[in-house]
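Thanks for opening this one with me. Here are a few numbered notes to help you find your way around.

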Amino acid sequence: MKRGWQIATLGFIVFAGLALVIGVWGASFINARPLPLKDALGPGPGFFPMWLSILTLLLGVGLLVEVGRRSADYGEESPYPQPSPDVTRSVLPILALLALVAWKFPTFPLLERIGVGSETVRAVISTVLAAGCTLALVLMPQRYDELSDNASVLRIGAVLGLLVMAAATLEPLGFRVTAFLFTALLLPALGARNLRIIVPFVLSASLGVFYIFYHQLKVPLPIGPYDWIFKPIEAAYFFIFR
Amino acid sequence: MNRRDFTGLAGAAALVPLAGTSAQAQEFPTKPIQLMVAYPAGGSTDIGARIVASIAEKAIGQPVVVVNKGGAGGQVGWTELSRQKPDGYYIGFINLPGFNTVIADPERQAIFDIKSFTPIINQVLDPGVVWVKADSPFKTLKDVIEAAKKEPGKVRAATTGILSDDHLAILMVEEAAAGTNFRIVHLEGGAAQMKETLGGNVDVSFDNVGSIVKQVAAGQVRALAVTDTKRSKFLPDVPTTVELGYPSVISSSTRGIAGPKGMDPKIVARLQDILKKAMDDPEHVAKLEAVGLGIRVMVGKEYQDYYDDIHKKAIKYTEWAKKRPQK
Amino acid sequence: MSTLELLLNGFGAAMSPENLAFALIGCVLGTLIGVLPGVGPAAGTAILIPLTFKLDPTGAIIMLCAIYYGAMYGGTITSVLLNVPGEAASVITCIDGHAMAKQGRGGTALGVAAIGSFVGGVFATIALVVVAVPLSTLALKFGPPEFFALMLVGLCLVTGLAGRSLIAGILMTVVGLMLALVGIDPVRGAPRFTFGVPDLYDGIGFIPVVMGLFGIGEILMTAEKPVREVVRTNLSKLFPEREEWGRVWASIARGTGIGFFLGLIPGVGSIIPTFMSYIAEKRLAKDPSRFGNGAIEGVAGPETANNSYANAAMVPLLTLGIPSSPTIAVLMGAFIVNGLTPGPFLFQEKPELVWAIIASFFIGNVVLLILNLPLVGLWAKILEVPYQYICAGTLLFCILGAYSINQSVFDVTVMIICGGIGYLLRKLDFPLAPLVLGIILGPQLEKSLRTSLEMSAGDYTIFFTRPITLVLLIIAVIILAVAALQLAPKEIREGGDD
């Protein structure tokens, strides 16, 4: 626990340092311009960034000192369930990888030429990642112990991966397809097995929710290019229930 | 739920861009049109947009969905608009001259300029107005100008935003009446401006007619001048800056609809037709006038000329605003 | 006609069958909107305005106000049950409300919130009737310098939100302030920390951040260690224990006061009264360590303050025509479109209409109570659904909600990243509330500082020559001094132990 605090505090210190270097003093490697500290009337745009970064640095150091001296307080009394340190450590690389995928994933010239843009690549990669975690959880044989650390990591990976996938596919594929994939993959990943509940849930999540929010409440949601798949389903629904 | 289904779905995802572009629309529109408003829901542009949308969609049989993309005084929304496909299914409101100053101000680093859009039709023209609270010592525009000449930098003049049309109007006054100098206070929006004026924290305010019509009628505030060539039908007793001897102080806020650049002229013409009918509709006129917004429909060359003209003015005053010692 | 007669006439008009129906529909719609995370009351109300075009003005306004209150309560439901703040003001309810839900006391939390909201709303409306006009002119005296000082006081109060480590609390606040710096700066309108990403020009959206930090963070915690035994909500315990009632009433009373006075000041957002109430409750409690683990005052106080604020914020709207928050600005737009101009002459021009609306505030509060109390048990039962479905459903709604704010996937991405960060911070026991406070207060602080200096042409003495500002600044200094004193003795003690 104590090490966790120390690592996190170091993280804040690095964050503050970056803010100072990039934001206030300007870093040419990312085309940042220095922010002026003073203005005719008072504090300029750079005033608060600089002083807040410096304050963060000082507080970070102070916290490190405090954690060092008061080790008793930073022991194992957290009210939250405490997994072994392994889980926390393995979440970080998952997060980093997903962040990379979610952000500006580069594309490849060859793919661009046949019309596959970076958006599609992101969508596909995150779908594969998330599906992979889900599969691992679903197919793990009888040794599957839900409370083991490995299972925890995979579950968190599945949730985060599916979230990233959803964000990546929301506009290219539309809300209905995204919701369908999201719920269909997430439920088994978390341990749901009863198809009789899963199927109606997935269908109402993708089609029902869309109907209520887009058609009734007029909340704009991405339709996506697969509208032609859903038109017959919606027509059938109206036919049956009207 | 098995492996094959997953790969199948993933493969389908990869095929998206290869599925081919949608067929050229013979009879536009064949699917819903998105009408973007670059401000959060509930503002006056948004209300005007929803009124137009609800009338237009009845006529064309397709939904016209209002999409709010607020932020950075409109910059976020206009950036988004400039990147959309020019197929006529995504159009949005542009608010001049706010739109122009964002482009003209180098610090805003806008990725679009006036060539990035295809102007379609203008809806509202809301002239600027100079106003004070009802019990203010200033009874006419002349009083304000004289006070600003006598004690430069002391009269506190409020705008509704940095480089808004109000800000430019103040600069125009300073230019027209040599020797005047205001202490410009930038507030965020009409509500804040109303509050600070009534509270006595600023001495005079520059805003638009639509924002103060009701308060003038209620006697809370006094309008000193309308910065237009002719009197506003909502404030018939208020003189124009032209009448008062300052013909160069002309400023208003206009709201029009535009699409990304490169739109097919046939689609533009169809949109103009649809939207003009909606704007001429008596229900539309009545609802907008109830809020004090004057409709000034402009299409084609008239709108294009206006668009270019405002931009020239915006560049001039933006540069001046940047150099002026106390903004 | 005396005020009382006018009010009674208003009740007569407001209690017509159609208007009652509108109030009911409005409460239901509003609650549904509030339950959906992301689509806040502002956007939801705006979307529903065209619906009201077909109704007569009185009915339309009654319905819109009911939607407003309903949305406030709907946000509470998701905060308590799912730890997802439905809208900004519900953030603080997540802290103790969700903790109570995890202990099986979700029904109690919702019940207390409903009762507190009702009491706060009714008292605020009564006070509105009595002291509306004179107090509103006083509220106008709150200019940018006073706002700056008030925000400063709010920041200093963060010392009350810090958990075991004051330094960590302050660190989180400062980080929150730094995150709020992203975007167009209020000084020159130039982008700051945006790295050329247009979506960042307006800053990191607040709602996606809190949805991620609280909502998704919570779901990640659950995914990591799924709760095996379903927490059975005891329906017979919909109300607090007998010995708790005393404390609950006290916090409701305080919440009403805090919410009402802050609601009168135009421009104070809905979050500030809830935070202040929570801090006040924590400070005044005999055993502050209960807070964060299901302290019932941590729900009763803020929820009351929230509703009291919502009703009181009508005062600047009706008497001066100044909206206090974006949601109320939308309501004002709706009023105007329906022919009603808020302002001091409103009471003289159309008294029947105004009093009918005020009467409908009372009715709205009653309808909300009647609607929600019986349903509280039902809502709480949601927690008994197997956790996989709760997680999947909540996450889907979060995605939908975050997207619908600005039709932007960027907001969804922000939410997800904050989800990961929130999860890590919670595992390490860093307090989240100060971070949120920093993000909210940061922009207001900088803007009001800037505007104050524009008003005074760069003269800093403006902060010391205005009486209200000076008083608030002194209060801030006192709060800081008390906090510093709390820090010092521990250090001395520590030295002694070594």
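1. A good place to begin is how chain C is tied together over its sequence. Taking contacts between residues at least 6 apart in sequence, 78% of those in chain C join residues at least 24 apart. Please keep in mind as you read on that this is a predicted model.

2. Next, the secondary structure: chain C contains 21 helices, along with two strands.

3. On burial and surface, chain C has 498 residues, and 69% of them count as buried. Its accessible surface is about 15,900 Å², with 71% of that belonging to carbon and sulfur atoms.

4. You may like to look at Thr304(C), which sits in helix α12, spanning residues 297–312 of chain C. Is this residue buried or exposed? Thr304(C) counts as buried, because its relative accessibility is 0% and the cut-off for buried is under 20%. Beyond its neighbours within four places in sequence, Thr304(C) touches Gly116(C), Ser117(C), Gly120(C), Ile252(C), Gly255(C) and Thr256(C).

5. Now the cysteines. A disulfide is a covalent bond between the sulfur atoms of two cysteines. How many disulfides does a search of the whole structure find? The count over all chains is zero.

6. Why does Cys398(C) not form a bond with Cys94(C)? The closest cysteine sulfur to that of Cys398(C) is the one in Cys94(C), and it is 10 Å away, so it is too far for a bond; a disulfide would need the two sulfur atoms within 2.5 Å. Cys398(C) is also buried, with a relative accessible area of 0%. Cys156(C) is buried as well, at a relative accessible area of 7%.

Key: Residues are numbered from 1 along each chain as its sequence is written. Chains are lettered from A and ligands numbered from 1 in the order in which they are written. This is a predicted model: local features need pLDDT of at least 70, side-chain atom pairs count only at pLDDT 80 or more; totals for chains, interfaces and linings use all residues. Side-chain values use heavy atoms; hydrogens and water are left out. Helices (H or I, at least four residues) and strands (E, at least two) are DSSP runs, numbered from the N terminus. Buried means under 20% relative accessible area, exposed over 50%, partly exposed in between (1.4 Å probe, protein chains only). Contact means heavy atoms within 4.5 Å. Accessible areas come from the Shrake-Rupley method with a 1.4 Å probe; for residues, only the protein chains shown count as cover.
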